[in-house]
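Thanks for coming, everyone. I would like to take a few minutes to walk through one model, and I will put it on the screen now.

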Amino acid sequence: MADDRRRTAPLLRRLESWQGRRVWLIGASDGIGRELARLLAADGARLAVSARRVDELEALARDLGPEALALPVDATDQAALTTAAARLEAAWGAVDHVIYTAGVYWPMGIDTFDVEKAAKMIEVNLTGGLRVTAAALPLLERGHAPQLALTASASAYRGLPRAIGYGASKAGLYNLAETLAVELAPRGIDVRVINPGFVRTRLTDMNDFRMPAMIEPEAAARAMRDGLASRHFHIHFPKRFTGLLVAARLLPSRWWLALSARMVKG
Ligand SMILES: NC(=O)c1ccc[n+]([C@@H]2O[C@H](COP(=O)([O-])OP(=O)(O)OC[C@H]3O[C@@H](n4cnc5c(N)ncnc54)[C@H](OP(=O)(O)O)[C@@H]3O)[C@@H](O)[C@H]2O)c1
């Protein structure tokens, strides 16, 4: 068994069509997740949408059509996730895609350091991804060509100024996705990580600094949909921005720290 596991390469299946695919999207009540839900439903997928706010979810589910399910849940609550997964199992039997886009963000430098908010970012963004994976695994294992996708961020690549807590949560999620890609391949589950650059949502509305190559949520959702259907493990966009940060992973720490210190100065 141990040898079989070592020999199994991560699964990166190309998806020809979203028609009839059963998608559980967590973080769907706003921003990028909401746009992705609309896009996938328009492409014929069946959607179960989750987040904490019930009214927003129910309005979205009505927009998506009669087959859509609203499953309100807090991703930090394991018991609630298990209940949501059981509801989904009763409705669909299994799921083909679990897409985790839930996230919280507060810009934070040392001048505004708030340990409770920083811990909350790790609790929702990283531990929430872990909890959703645990709750959804039995459903995914019974899915057809199943796929798990975790939404991290371009801030996952290197430590960035003003990203205390957020950057660490996303670096952790990126790392988790790499581990799960190998661990879940023998169970037939294809794992992806999504690292967006700046996207105009209520999260980036909080930033008071310049955000290069900002895109709209509709464009982000299209890049996610196309990335998830491709054979790329690491989905990142817009590449004119994220490509630079991907390359920056190769810089020695000393050089990176000097560069990021210049970003703080402006
Ligand atoms: N916007 C960007 O520039 C950007 C860049 C890189 C990565 N990202 C990541 O992309 C994802 C989507 O971000 P966004 O900009 O679209 O933000 P958003 O508009 O604030 O959407 C975040 C979603 O997460 C849900 N959520 C938050 N806490 C939750 C919890 N505890 N349990 C369940 N759902 C929860 C929110 O719904 P409720 O409030 O109803 O729970 C909402 O549906 C996040 O993971 C974010 O970190 C965003």
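Let me begin with Ser-29, where a polar side-chain atom sits 2.8 Å from an oxygen atom of the ligand. Please keep in mind that this is a predicted model, and that the distances I quote should be heard in that light. Two arginines make similar approaches: a polar side-chain atom of Arg-52 lies 2.6 Å from an oxygen atom of the ligand, and for Arg-53 the corresponding distance to an oxygen atom of the ligand is 2.7 Å. How many residues surround the ligand as a whole? There are 30 of them, and the closest are Arg-52, Tyr-166, Val-199, Thr-201 and Arg-202.

Tyr-166 gives me a way into the helices, since helix H6 covers residues 166-184, and Tyr-166 is also among the H6 residues that meet H5. The axes of H5 and H6 come within 7 Å and cross at roughly 20°, which means that H5 is roughly parallel to H6. On the H5 side of this contact we find Met-121, Ile-122, Asn-125, Leu-126, Gly-129, Leu-130, Thr-133 and Leu-137, and on the H6 side the residues include, besides Tyr-166, Ala-168, Lys-170, Leu-173, Leu-176, Leu-180 and Leu-184. Sorted by class, the contact of H5 with H6 has eleven nonpolar, five polar and one charged residues.

H5, which spans residues 115-141, also packs with helix H4, residues 78-92, at an angle of about 25° and with the axes 9 Å apart. H4 and H5 are therefore roughly parallel to each other, and their crossing is right-handed. Which residues make this second contact of H5? From H4 there are Gln-78, Leu-81, Thr-82, Ala-85, Leu-88 and Glu-89, and these meet Arg-131, Val-132, Ala-134, Ala-135 and Leu-139 in H5. By class, the contact of H4 with H5 has seven nonpolar, two polar and two charged residues.

Ala-85 of H4 also serves as a reference point for Ala-41, as the two are 44 residues apart in sequence and 20 Å apart in space, taken from C-alpha to C-alpha. Ala-41 belongs to helix H2, residues 31-42, and, leaving aside residues up to four places away in sequence, Ala-41 touches Leu-47 and Leu-64.

Staying with H2, its partner here is helix H7, residues 217-229, and the two pack at an angle of about 60° with their axes 8 Å apart. That angle makes H2 oblique to H7, and the crossing is again of the right-handed kind. From H2 the contact uses Gly-31, Ile-32, Glu-35, Leu-36, Leu-39 and Leu-40, while from H7 the participants include Pro-217, Glu-218, Arg-222, Met-224 and Arg-225. The residues of this contact of H2 with H7 divide into eight nonpolar, one polar and four charged.

Finally, two points about the backbone. Phe-237 and Pro-238 are joined by a cis peptide bond, with omega at about -15°, and Pro-238 falls in the loop between strand S7, residues 234-237, and helix H8, residues 239-248. Where does Ala-145 lie? Ala-145 is in the loop between H5 and strand S5, residues 147-151, and, although it is not a glycine, Ala-145 has a positive phi of about 45°.

Methods:
Residues numbered from 1 in each chain as written. Predicted model: local features only at pLDDT ≥ 70, side-chain atom pairs only at ≥ 80, totals over all residues. Heavy atoms only, no water. Axes fitted to C-alpha atoms, helices over the stretch in contact; angles between N-to-C directions. Helix = DSSP H or I, 4+ residues; strand = E, 2+ residues; numbered from the N terminus. Parallel < 35°, antiparallel > 145°, perpendicular 65-115°, else oblique. Left-handed = near helix turned anticlockwise from the far one by under 90°. Contact = heavy atoms within 4.5 Å. Nonpolar A, V, L, I, M, F, W, Y, C, P; charged D, E, K, R; others polar. Near = heavy atom within 4 Å. Polar contact = N/O pair within 3.5 Å; in protein donor to acceptor, adjacent residues only side chain to side chain.
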